[in-house]
Amino acid sequence: MAIPESVLKSLQPKRSLLPKLALRISERRLVIGLGDLAALAVALVAVLALDAASTPPGLSWLSSNPEWLVLLLAMWLVLSPLWDAYDLLRASAPLRSAMTAAGAASLVGLIYWFVPYVPPALPGRRIVILALPLLGAALVAAWRLFYATVFVQPAFQQTALVIGAGRSGKELAQAIVESGTIRRGRRSGVGYRILGYIDDDPTKTGAEIEGAPVLGTREDLRTVVERLRPNELVLSITHLHSLHPALFEAILDCRALGVPVTTMASLYERLTGRVPVEHAGRDLHVVMPIAHSASHRVYTALKRLIDLASGLVGSFLVGVLIPFVWVANRASAPGDLFYWQERVGLGGRVFRVIKFRSMVMNAEKDTGAVWAGAGDPRVTPVGRFLRKTRLDEMPQFWNVLKGEMSLVGPRPERPVFVEQLAREIPFYRVRHAVKPGITGWAQVRYEYGASVEDALMKLQYDLYYIKHQGIYLDLAVAIRTVQVMLGLRGR
């Protein structure tokens with residue numbers, strides 16, 4: 001069945017008052033970052049200009065000491081991403097983006113004031129501490145409002161033609177839909193839009209997937225590309241080795257026309273921060289790093305040093321908490337202070353994890369091993385507070401000191417659940433390639449897991465962490481964990 005001409009015409013690029021400039025995901029973050037840096041630079045210059053009493057005058061001093069401007073911008077580049085300042089979904093929502101960026105700018109401005117007093121000292125420190133956080137936050141917020149109003153328009157959207165309208169293609173479409181928000185009748189978010197699909201099954205032509213039509217088969221691919229001029233071709237086929245030779249040649253033709261080609265797994269990972277394990281086929285490079293970088297040994301050694309330091313500090317804090325938790329537990333639900341449980345760690349080895357007890361004694365005596373769910377009646381009143389603040393996990397700093405766990409990594413699961421999940425979820429055992437952690441990427445990005453479906457989602461986050469682990473990602477997870485604890489968002 002041929003796709004109607006009217007459908008193709010409706011999908012062709014339309015004239016716009018704005019210049020057509022399709023921005024890739026990385027380019028969007030670059031544009032936002034450049035705007036943030038410009039806003040902070042203007043704020044610093046304006047603040048120093050206000051201090052007319054300084055000797056020499058602030059602006060003259062800054063021109064002779066540009067390292068202070070460089071320092072401010074460097075601090076922003078390092079600290080702001082840790083507060084999700086470059087999350088594209090958040091950046092496309094005006095109020096949310098402005099609040100996040102303003103908060104990050106205020107923090108950077110305050111920290112900037114505490115830079116050691118080294119010659120030449122920053123002039124007008126009183127004015128800087130009062131005005132820079134406020135003005136910097138205001139200017140960054142104003143830029144973010146401008147971005148969220150202008151750069152979400154269709155003229156800046158990245159468009160894609162997806163090859164494959166099966167399950168993989170549908171899940172990609174759903175991920176793009178979930179990454180967007182509806183504002184005044186138009187979808188905004190990461191700035192990515194699927195124009196349509198190509199599928200070798202002719203019976204699918206004309207069908208719609210999340211509002212995007214199936215435009216034809218492999219014979220129509222080049223014609224559709226020439227008509228719609230997509231910014232990217234996405235191969236949404238799980239088993240790429242089974243690609244039809246004619247489709248492969250058509251893809252090469254499109255690449256020769258200058259259209260970039262990517263895979264569903266790669267795009268899905270960029271959009272969501274997850275690895276689509278169910279659509280990886282047998283391509284190991286999709287779910288794990290095939291070779292570590294030259295700096296991996298340094299990272300491993302540094303991470304162990306950080307674990308030892310955090311383990312010592314954490315164990316001290318546990319000692320401080322013990323009397324309070326003991327008294328509270330004795331008053332509300334008498335029983336043991338600690339709870340030991342077998343978990344699976346690095347290399348599949350079983351170890352005993354320790355936590356503050358948050359459930360009634362012998363909670364699984366009659367039921368056996370079951371997942372804890374929302375509003376679990378077995379959780380004690382004190383245990384509910386411990387879970388919301390994640391304080392019940394604090395004794396695991398002892399496991400960190402023993403080398404059984406790390407500060408950051410996939411959460412260790414119980415052996416009985418590991419056996420079940422390994423049978424039902426592909427690549428599940430790959431999460432045992434690194435030490436489990438007290439907190440992890442999945443814990444700060446997804447809610448508490450209480451089912452096989454939740455375990456699949458968390459595995460996608462865990463594998464993303466394993467592929468991209470590094471000190472910076474570990475630091476981001478640690479900071480977001482503190483935010484979860486302070487916001488009582490644990491469960």
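Start by selecting strand S7, residues 232-235, in this predicted model. Color the two faces separately: Glu232 and Val234 point to one side, Leu233 and Leu235 to the other, and all four are buried, so both faces of S7 are covered, going by the cut-off of under 20% relative accessible area. That back-and-forth fits a general habit: in a regular strand the side chains alternate between the two faces of the sheet.

**Neighbors of S7**

Now add strand S1, residues 158-163, which pairs with S7 in the parallel sense over four bridges. To find the register, click alanine 160 in S1 and look across to its bridge partner in S7, glutamate 232. Next, add strand S8, residues 261-263; S7 and S8 are also paired in the parallel sense, here over three bridges. Valine 234 is the residue to click this time, with threonine 262 of S8 opposite. To see how the chain gets from S7 to S8, show helix H10, residues 245-256: the path runs through H10, and this β-α-β crossover is right-handed.

**The whole sheet**

Zoom out and show six strands in the order S5-S6-S4-S1-S7-S8. They form an open sheet with mixed pairing. Which strands are at the edges? They are S5 (208-209) and S8, each of which pairs on one side only.

Go over to the S5 edge and bring up strand S6, residues 212-216. S5 and S6 pair in the antiparallel sense over two bridges. Glutamate 208 has proline 213 as its bridge partner in S6. While you're there, select glutamate 210 in the loop between S5 and S6. Its phi is near 50°, a positive value in a residue other than glycine. Glutamate 210 has 48% relative accessibility, so it counts as partly exposed.

**The largest core**

Back to Val234, this time with side chains on. Val234 belongs to the largest nonpolar core, a set of 61 residues, and together with Trp76, Leu172 and Tyr197 it touches the most other members. The biggest contribution to this core comes from helix H2 (residues 25-50), with nine residues. Pick leucine 172 and draw its contacts, skipping neighbors within four places in sequence: you should get Val162, Val234, Met264, Leu267, Tyr268 and Leu271. As a general point, nonpolar side chains tend to be buried together in soluble globular proteins.

Trp76 leads to helix H4, residues 67-79. H4 has 13 residues and reaches 18 Å from first C-alpha to last, close to the 18 Å expected at 1.5 Å a residue. Which residues of H4 are buried? Trp68, Leu72, Leu73, Met75, Trp76 and Leu79 are. Look down the axis: these residues cover an arc of only 155°, which puts them on the same side of H4.

**Two more helices**

Select helix H7, residues 125-150, and find alanine 141. At 13% relative accessibility, alanine 141 counts as buried. Leaving out residues up to four places away in sequence, alanine 141 touches Ala98 and Ala102. Put a distance label on the pair with alanine 102: the two are 39 residues apart in sequence, yet 5.4 Å apart in space, C-alpha to C-alpha.

Then click leucine 107 in helix H6, residues 94-113. Leucine 107 has 28% relative accessibility, so it counts as partly exposed. Label the distance from leucine 107 to alanine 137 as well: 30 residues separate them along the chain, and 9.0 Å separates their C-alpha atoms.

**The second core**

Last stop: a second, separate core of 31 residues, with Phe417, Val434, Leu463 and Tyr465 among its members. Use Phe417 to get to helix H16, residues 415-424, where Phe417, Val418 and Leu421 are buried. These three cover an arc of only 100° around the axis, which puts them on the same side of H16. What do the buried residues of H16 pack against? Show strand S9 (338-344) and helix H18 (452-468), and you have their partners. Then follow the chain to phenylalanine 427, in the loop between H16 and strand S12 (437-439). Phenylalanine 427 is not a glycine, but its phi is positive, about 65°.

**Pull back**

Finish with the full chain on screen: 19 helices and twelve strands. Of its 491 residues, 49% are buried. Among contacts between residues at least 6 apart in sequence, 74% join residues at least 24 apart.

Note on methods:
Residues numbered from 1 in each chain as written. Predicted model: local features only at pLDDT ≥ 70, side-chain atom pairs only at ≥ 80, totals over all residues. Heavy atoms only, no water. Buried < 20%, exposed > 50% of the residue type's maximum accessible area, 1.4 Å probe, protein only. Pairing = 2+ DSSP bridges. Right-handed = clockwise from strand over helix to strand, strands pointing away. Core = buried A, V, L, I, M, F, W, Y, C linked by side-chain atoms within 4.5 Å. Contact = heavy atoms within 4.5 Å. Arc of directions from axis to C-beta. Expected span 1.5 Å × (residues − 1).
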